[in-house]
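Reader: I should like to discuss the terms applied to this structure and the grounds for each. Please set each value against its definition.

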Amino acid sequence: MDPDLDRLARRQHSLLACWQLAAAGWSPSVVWRAVDAGKLFTIRRGVFRTAGSLETQWQAWMAAVLATRNTAVLSHLSLLAAFGFVLFPKPDKIDLLRVGPQARLPGVTAHRTLWLPNHDLARRNFVPSTTPERAFIDCCGQLPERLLDQAGDDALRRRLMTLPQLVRSFEQIPCSGRRKSAPMRAFLAKRVKGYDPGGSERELDVGRIIKRAGYPPPAQQFRVDIEGFTYYVDHVWPQSLHGIEFEGFECHGGQWAPFHRDRERLRRLTRAGLTIWPVTSQTTANEILAIAEIATRSFR
């Protein structure tokens with residue numbers, strides 16, 4: 001097999017799709033000769049398993065995604081199962097989500113959405129998927145409140161998801177989806193002090209937002225000396241070494257040098273033991289409060 005196709009198959013759990021083989025110059029007759037020779041095995045229509053590979057659950061998930069030409073991603077209960085969330089029911093079929101028409105495939109539960117931004121997309125073991133936060137929101141109605149609380153707290157404790165990302169994903173789900181997510185609003189309201197279930201303002205005043213919610217205020221322009229450099233971080237809680245930094249799109253002036261300097265600064269601050277949470281003008285007050293919840297939990 002062509003080395004490039006071999007490397008591609010290794011990244012896809014020993015799978016190749018017809019459209020990928022065609023892009024590599026394989027005609028349909030060449031593909032079927034490989035099938036007849038036992039070099040490829042049909043696992044789904046238009047998706048093949050290479051000879052000598054083992055059939056696994058991850059392979060089945062990847063095959064379903066490939067069958068949609070990567071237009072859908074693993075989601076909902078299947079994604080929660082892949083990440084090891086507890087208490088949620090096991091999926092009967094493979095859950096796939098995409099923007100637009102549902103992916104109608106055998107053995108697949110198809111879901112559609114009006115909004116699937118990049119921050120809700122991820123890869124788990126090379127399989128394109130939603131983030132665990134998005135899947136948790138999509139499945140919040142599957143459990144009663146008590147069990148949803150237990151499952152969510154377990155996932156947060158094991159760092160399968162984070163509160164800021166959970167808030168961000170939930171606030172940007174279209175209204176039609178949020179109407180079905182009353183359990184999610186209750187979940188967040190219990191875990192983020194000052195959380196506004198109706199949405200949050202876009203104006204960003206970190207100190208005011210934190211103070212108004214009653215969290216311990218962070219130190220402003222906190223000085224950090226490391227490796228011969230002196231840096232000032234916008235907001236830092238010294239007790240936990242968590243900090244918030246404002247990032248503006250215009251700050252780098254379209255130049256690479258300032259961008260790279262900022263990345264080096266972040267690496268040095270991380271080596272100094274700080275956890276930096278970047279925020280922008282689009283960060284909501286609820287996201288700031290979720291960061292404050294994590295940053296102050298150990299000393300409140």
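Reader: Which residues have the most contacts inside the largest nonpolar core?

Author: In this predicted model, they are Phe-85, Phe-88, Phe-136, Leu-166, Met-184 and Leu-188, and the core has 61 residues. Helix H13, residues 285–296, gives the most to this core, with 7 residues. A second, separate core of 10 residues includes Leu-5, Leu-16, Leu-21 and Val-35.

Reader: With which residues is Phe-136 in contact, leaving aside its neighbours within four places in sequence?

Author: Among them are Leu-80, Phe-85, Phe-88, Leu-148, Met-161, Leu-166, Met-184 and Phe-187. Contact here requires heavy atoms within 4.5 Å.

Reader: Why is Gln-20 called buried?

Author: Its relative accessible area is 9%, and buried means under 20%; Gln-20 is therefore buried. Gln-20 lies in helix H2, residues 18–23, and touches Leu-5, Leu-8, Gln-12 and Leu-66, not counting residues up to four places away in sequence.

Reader: What makes the link between the side chains of Gln-20 and Gln-12 a polar contact?

Author: The two side chains are joined at 2.7 Å, and the cut-off for a pair of N or O atoms is 3.5 Å. The value therefore satisfies the distance limit.

Reader: How do you know that E2 and strand E3 pair?

Author: Pairing requires at least two bridges; E2 and strand E3 (residues 47–50) have 4 bridges, in the antiparallel sense, so the two strands pair. Arg-44 stands opposite Val-47 in E3. The open sheet of 3 strands has the order E1-E3-E2, and strand E1 (15–17) and strand E2 (40–44) are its edge strands, each pairing on one side only.

Terms used
Residues are numbered from 1 along each chain as its sequence is written. This is a predicted model: local features need pLDDT of at least 70, side-chain atom pairs count only at pLDDT 80 or more; totals for chains, interfaces and linings use all residues. Side-chain values use heavy atoms; hydrogens and water are left out. A nonpolar core is a set of buried Ala, Val, Leu, Ile, Met, Phe, Trp, Tyr and Cys residues joined through side-chain atoms within 4.5 Å. Buried means under 20% relative accessible area, exposed over 50%, partly exposed in between (1.4 Å probe, protein chains only). A polar contact is a pair of N or O atoms within 3.5 Å; within protein, one must be able to donate a hydrogen and the other to accept it, and residues adjacent in sequence count only if both atoms are side-chain atoms.
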